[in-house]
Amino acid sequence: MTVSAKRSDLGPTYMKTERMRFVRFDNRKRVLDVDYVSGKCIAIHYGQLGIAKKIDAVWIDKETRGRAVGIRLADGSEEYLP
């Protein structure tokens, strides 16, 4: 897991909340990038999550108010990552 701060104006990136702001994926690198409201940004490899298939879509789950990520895999199945 890689941690990097993209915005230097936010100061220290302590996890004040676990709410997510934005999520994106890269099937070529097999990486899922998550940006938190606190400014922290992490990159998670598919292998760390146990994902062997390609991802079609990712989204921030509205039912958990930004505390979970929905993942739609290439075979049509959906997974949720808290």
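This report describes side-chain pairings in a predicted model, beginning with one buried aspartate.

## The surroundings of D35

D35 belongs to strand β3, which covers residues 31-36. Its relative accessibility is 7%, and because buried means under 20% relative accessible area, D35 counts as buried. Once residues up to four places away in sequence are set aside, D35 touches M20, R21, F22, R24, K40 and C41.

One of these neighbours, R24, also meets D35 through a polar contact between the two side chains, at 3.2 Å. R24 is partly exposed, with a relative accessible area of 25%, whereas D35 is buried.

## Salt bridges

Side chains of opposite charge can pair when their charged atoms come close. In this model the count comes to five salt bridges, and among them is the one in which the side chains of E18 and R67 meet, at 2.8 Å from N to O. That pair links distant parts of the chain, since E18 sits in the loop between β1 (2-5) and β2 (20-26) while R67 sits in the loop between β5 and β6 (69-73), 49 residues apart. Both partners are partly exposed, E18 with a relative accessible area of 43% and R67 with one of 28%.

Another of the salt bridges joins D75 and K53, whose closest N and O atoms are 3.0 Å apart. D75 lies in the loop between β6 and β7 and K53 in the loop between α1 (46-49) and β5, so this pair ties together parts that are 22 residues apart in sequence. D75 is partly exposed, with a relative accessible area of 47%, and K53 is likewise partly exposed, at 41%.

## A network around R24

Salt bridges that share partners join R24, D33 and D35 into one network. Within this network, the side chains of R24 and D33 meet in a salt bridge at 3.9 Å, N to O, and the aspartate described at the start, D35 in strand β3, is a further member.

## The aromatic pair

The model holds one aromatic pair. It is formed by W59 and Y80 in an edge-to-face arrangement, with 6.1 Å from centre to centre and 85° between the planes. This pair, too, links distant parts of the chain, with W59 in strand β5 (residues 55-60) and Y80 in strand β7 (residues 78-81), 21 residues apart.

Neither ring belongs to a buried residue: W59 is partly exposed, with a relative accessible area of 22%, and Y80 is partly exposed as well, with a relative accessible area of 47%.

Methods:
Residues are numbered from 1 along each chain as its sequence is written. This is a predicted model: local features need pLDDT of at least 70, side-chain atom pairs count only at pLDDT 80 or more; totals for chains, interfaces and linings use all residues. Side-chain values use heavy atoms; hydrogens and water are left out. Helices (H or I, at least four residues) and strands (E, at least two) are DSSP runs, numbered from the N terminus. Buried means under 20% relative accessible area, exposed over 50%, partly exposed in between (1.4 Å probe, protein chains only). A polar contact is a pair of N or O atoms within 3.5 Å; within protein, one must be able to donate a hydrogen and the other to accept it, and residues adjacent in sequence count only if both atoms are side-chain atoms. Contact means heavy atoms within 4.5 Å. Rings of Phe, Tyr and Trp (its six-membered ring) pair if their centres lie within 6.5 Å; planes under 30 degrees apart count as stacked, over 60 as edge-to-face and the rest as tilted. A salt bridge is a side-chain nitrogen of Lys or Arg within 4 Å of a carboxyl oxygen of Asp or Glu.
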